[in-house]
Amino acid sequence: MSNDRSLVPGLVKGMATTARQMMRPPHTAEYPDVAPELPARSRGVIALVESNCTSCMLCARECPDWCIHIDSHKEEVPPASEGGRARQRNVLDRFDIDFSLCMYCGICIEVCPFDALFWSPQFEYAETDIRDLLHDKARLGQWAADVPAPPELDQGAAEAPEVAAANKPARKGRR
């Protein structure tokens, strides 16, 4: 009998909580009809700015999954002025990312010294066949248009060490 008395307050409290929740409007997102509001720095898909890529292969070498495939060739660039010598530059032939292997760690984006790779907020790229998850440079380039501008720096943030060193006055020579 004493057990029944201890159950009643808990049961009433649980039913009150359920009733309160039933009166609140639902906060379910109607996804296909209503696009979700993503955080500013959300990770969707990796986008490529082909003109910035120099085929240095850093992203492919640092990728822990080996899901980035790059092919390039060298092309001779004529001298800029008369009497100068011709230079060579790498031309990107193939840049593929196999998203069936990618673990979205972002190492490739971090190591790219030429800002050729970015996180795009685009996340709707599902495929019915796993072989279609190998995306080439044309498809990766389409997502570059969706990449948001970087956020503004905080007003109270410390100056970057590189900027501080560049702004330092030159030391005078010793006598």
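These are legends for several close-up views of a predicted protein model.

**View 1. The whole chain, seen as a predicted model with five helices and five strands.** Reading from the N terminus, the elements go α-β-α-β-β-α-β-β-α-α. The radius of gyration is 27 Å, well over the 16 Å that the globule rule gives for 175 residues, so the chain is more spread out than a compact globule. The C-alpha trace spans about 105 × 65 × 30 Å along its principal axes. Buried residues account for 20% of the 175 in the chain. If we take the contacts between residues at least 6 apart in sequence, 70% of them join residues at least 24 apart.

**View 2. The surface and the charges of the chain.** The accessible surface adds up to about 14000 Å², and carbon and sulfur atoms hold 55% of that. As for charge, there are 20 positive and 26 negative side chains. The centres of these two sets sit 13 Å apart.

**View 3. The open sheet, with its three strands in the order S2-S3-S5.** The pairing here is antiparallel. Strands of a sheet pair through backbone hydrogen bonds, either parallel or antiparallel. At the edges are strand S2 (68-77) and strand S5 (134-135), each of them pairing on one side only. S2 and S3 are joined by 10 bridges, while S3 (residues 87-98) and S5 pair over two bridges. Want one spot to look at between S2 and S3? Try Glu 76, whose bridge partner in S3 is Gln 88.

**View 4. The junction of S3 and S5, bridge by bridge.** These strands run in the antiparallel sense, with two bridges between them. Asp 98 has Leu 134 in S5 as its bridge partner. Ile 97, in turn, is partnered with His 135 in S5.

**View 5. His 135, a buried residue of strand S5.** His 135 belongs to strand S5, and its relative accessible area is just 1%. Buried means under 20% relative accessible area, so His 135 falls on the buried side of that cut-off. Which residues does His 135 touch, leaving out those up to four places away in sequence? They are Phe 95, Asp 96, Ile 97, Phe 99, Tyr 125, Glu 127, Leu 140 and Trp 143. Ile 97 in that set is also the bridge partner of His 135. For a sense of scale, the C-alpha atoms of His 135 and Met 15 are separated by 52 Å, with the two positions 120 residues apart along the chain count.

**View 6. Ser 120 in strand S4, and what packs around this residue.** Ser 120 sits in strand S4 and is buried, with a relative accessible area of 0%. Not counting residues up to four places away in sequence, Ser 120 touches Arg 43, Gly 44, Val 45 and Ala 47. The same list goes on with Trp 143, Asp 146 and Val 147. Val 45 and Ala 47 fall within strand S1 (45-48).

**View 7. Cys 59 in helix H2, with its contacts.** Cys 59 is part of helix H2. Is this cysteine buried or exposed? At 8% relative accessibility, Cys 59 counts as buried. Setting aside neighbours within four places in sequence, the contacts of Cys 59 are Ile 68, Ile 70, Phe 95, Cys 108, Val 111 and Leu 117. Ile 68 and Ile 70 fall in strand S2 (68-77), and Phe 95 falls in S3 (residues 87-98). Cys 108 and Val 111 lie within helix H3 (107-111), and Leu 117 within strand S4 (117-120). By comparison, the C-alpha atoms of Cys 59 and Pro 121 are 20 Å apart, with 62 residues separating them along the chain.

**View 8. Met 57 and Asp 115, two loop residues with positive phi.** Most residues other than glycine have a negative phi. In Met 57, phi is near 70°. Met 57 is found in the loop between strand S1 (45-48) and helix H2 (58-62), and is partly exposed at a relative accessible area of 27%. Asp 115 has a phi of about 50°, again positive without being a glycine. Where is Asp 115? Its place is the loop between helix H3 (107-111) and strand S4 (117-120). With 48% relative accessibility, Asp 115 counts as partly exposed.

Definitions and conventions:
Residues are numbered from 1 along each chain as its sequence is written. This is a predicted model: local features need pLDDT of at least 70, side-chain atom pairs count only at pLDDT 80 or more; totals for chains, interfaces and linings use all residues. Side-chain values use heavy atoms; hydrogens and water are left out. Helices (H or I, at least four residues) and strands (E, at least two) are DSSP runs, numbered from the N terminus. The radius of gyration is taken over C-alpha atoms; the globule rule is 2.2 Å times the number of residues to the power 0.38. Buried means under 20% relative accessible area, exposed over 50%, partly exposed in between (1.4 Å probe, protein chains only). Contact means heavy atoms within 4.5 Å. Accessible areas come from the Shrake-Rupley method with a 1.4 Å probe; for residues, only the protein chains shown count as cover. Lys and Arg count as positive and Asp and Glu as negative; His and the chain ends are not counted. The place of a charge is taken as NZ of Lys, CZ of Arg, CG of Asp or CD of Glu. Two strands pair if DSSP finds at least two bridges between them.
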